[in-house]
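Visitor: Hi! Could you walk me through this one?
Guide: Happy to. Let me bring it up first.

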Amino acid sequence: MANDQTSPPNLALCITTEDFEAAAKKVLPNKAWVYASSSAASGLSLQSNLDDWSRINFRPRIMRSVSSLNPTRSILGQPGSQPFFVSAMGTLGNAHPGAEPLLVRGATRKGLHTVVSTATSKPLEEIMEAHLDEQRQLGHQSPSKLAFQLYVPVDRNLARSLIRRVKAAGYHSLWITVDTSTLGKRTADRYLQAQEALDQGSRETVREAAADNAFGPAFGGRPVPGYLDPGLNWDDLSWISEEWNGPIVLKGIQTVEDVKLAVQHGVQGVLLSNHGGRQIHSAPSALMTLLETRTYYPEAFDKLEIFVDGGLRDGADVLKALCLGATAVGVGRPYFYAMAAYGIEGVEKCTDVLAEEIEITMKMLGVSSLDQLRPDMVNASRLLNEMWRPDIWWNKSKL
Ligand SMILES: Cc1cc2nc3c(=O)[nH]c(=O)nc-3n(C[C@H](O)[C@H](O)[C@H](O)COP(=O)(O)O)c2cc1C
């Protein structure tokens, strides 16, 4: 049995999503902790994700009846119990031996959608089987569905066969990650690998594939050649759509110009994201990209579904994103940590924590249903002051 040093606090003491992080730090082996918590370079991209949510305030309305609440939200036509979903995370075997099947069972119990990574610890078919089995046990009462996050391998035959497997397994949408022309410089991972190599008497760091998954990029700080395609471009969307023949979301969009291109290419959704701060150093926060889109291309919100992820740690943050027009938001690390420390109960509790915060905030904001959320229910002036302004650059380029 685990001693006090390594056992997490009682689950009842997890009141906020941050509590799962502290609990996971206690129980996870250092390597797995570094994998989940690390970010690119000095951590600026991760930090701005976390900070920017706190730089927006609500403008709550009073005396509006909120005796009955409806926090449900559909994603790409699939009803869900909440306006958030579990973001794609690779190699969840590092969080818990139950890995992705355990995560999707927990999410299915709560009616949440999950985006399953290409870089899983278990085969994508086994993950779908766990989801369907849980559905059966719940008497098919859960609205939850599985989506698939695609890293496009350089070898197009491999890419096509992967897409066919995903389709055959019954995943409902394909979320193509478009911010990984290479792997970000994950500083903490690099230190760890360098130290391990030195301990083994070598200066060469070892490249690791994602456990048994030939499609996954590295678990660790370096890319495995062939599994992230620096040649990926907009033209690739035509063969991918043809092969997939279903809803497509582009994951990792960071500018309004690329939202526009996504609309022009006819995809069904975009996930504004800086990959949880793990890819480019000094990235805009996902929230900043949402504001940029709201400001310069508001028509986008009627043309496709706009999702956001990165740094969401409180149900109130979810509602801020929805006020600004997001369909739903993704939550990553809190689920990794909850699962690491408490297994399936952690996954369920993490969902309950966010759901309760959403409920409390909806009531005090004066909305009984999510479609009543409006941009004027938030004050985003501080962030707007720092937002990119095209006219300044345009004028300069004219000089
Ligand atoms: C441990 C970990 C693994 C991840 N693996 C993937 C992945 O395989 N594919 C991908 O597109 N994004 C991956 N991401 C990024 C997430 O999908 C998501 O964008 C990010 O975690 C959201 O930020 P948050 O962790 O602050 O909620 C990963 C993130 C973490 C923390």
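Guide: We'll go through the core, some helix packing, the ligand shell and a couple of single residues, keeping in mind that this is a predicted model.

Visitor: Great. How many residues has the largest nonpolar core, and which have the most contacts inside it?
Guide: The largest nonpolar core has 108 residues. Those with the most contacts inside it are W175, V270, A326, V329 and M339.

Visitor: Which helix gives the most to this core?
Guide: That is helix α13, residues 333–365, which gives 16 residues.

Visitor: Back to V270 for a second. What is V270 in contact with?
Guide: If you leave aside neighbours within four places in sequence, V270 is in contact with V249, L250, I253, V259, A262, L304 and I306.

Visitor: OK, helix packing. How do the axes of α1 and α13 cross?
Guide: The axes of α1 (residues 17–27) and α13 come within 10 Å, and the crossing angle is roughly 170 degrees. An angle over 145 degrees counts as roughly antiparallel, so that is how α1 and α13 run relative to each other.

Visitor: And which residues meet there?
Guide: From α1 you have T17, F20, E21, A23, A24 and V27. On the α13 side they meet P334, Y337, A338, A340, A341, G346, C350, V353 and L354. By class, the contact of α1 with α13 has 12 nonpolar, 2 polar and 1 charged residues.

Visitor: T17 is on that list. Is T17 buried or exposed?
Guide: T17, which lies in helix α1, is buried, because 23 other C-beta atoms are within 10 Å and 20 or more is the cut-off for buried. Not counting neighbours within four places in sequence, T17 is in contact with R313, P334, C350, V353 and L354.

Visitor: What about L11, where does that sit?
Guide: L11 is in the segment before α1. It is partly exposed, with 17 other C-beta atoms within 10 Å. Apart from residues up to four places away in sequence, L11 touches Y342, E345, G346 and K349.

Visitor: Switching to the ligand. How many residues surround the ligand, and which are closest?
Guide: There are 24 residues around the ligand, and the closest are G90, S117, G276, G332 and R333. By class, that shell has 8 nonpolar, 13 polar and 3 charged residues.

Visitor: Which elements supply at least two residues of the shell?
Guide: Among them are α2 (30–37), β11 (328–331) and α13.

Visitor: So α13 turns up again. How does α2 cross α7?
Guide: Their axes come within 8 Å and cross at roughly 155 degrees, where α7 covers residues 187–199. α2 and α7 are therefore roughly antiparallel to each other. K31, V34 and Y35 of α2 make the contact with A188, D189 and L192 of α7. That contact has 4 nonpolar, no polar and 2 charged residues.

Visitor: One last helix: how many residues of α12 are buried?
Guide: Helix α12, residues 315–323, is mostly covered, with 9 of its 9 residues buried. Among those buried residues are D317 and K320, along with V318, L319 and L322.

Visitor: And what happens just after α12?
Guide: G325 takes a positive phi there, of about 110 degrees.

Definitions and conventions: Residues are numbered from 1 along each chain as its sequence is written. This is a predicted model: local features need pLDDT of at least 70, side-chain atom pairs count only at pLDDT 80 or more; totals for chains, interfaces and linings use all residues. A nonpolar core is a set of buried Ala, Val, Leu, Ile, Met, Phe, Trp, Tyr and Cys residues joined through C-beta atoms within 7 Å. A residue is buried if 20 or more other C-beta atoms lie within 10 Å of its own, exposed if 12 or fewer, and partly exposed in between; C-beta atoms are placed from the backbone. Helices (H or I, at least four residues) and strands (E, at least two) are DSSP runs, numbered from the N terminus. Two residues are in contact if their C-beta atoms, placed from the backbone, lie within 7 Å. Axes are lines fitted to C-alpha atoms, for helices over the stretch in contact, and angles run from 0 to 180 degrees between N-to-C directions. Angles under 35 degrees count as roughly parallel, over 145 as roughly antiparallel, 65 to 115 as roughly perpendicular and the rest as oblique. Ala, Val, Leu, Ile, Met, Phe, Trp, Tyr, Cys and Pro count as nonpolar, Asp, Glu, Lys and Arg as charged, and the others, Gly among them, as polar. A residue is near a molecule or strand if its C-beta atom, placed from the backbone, lies within 6 Å of it.
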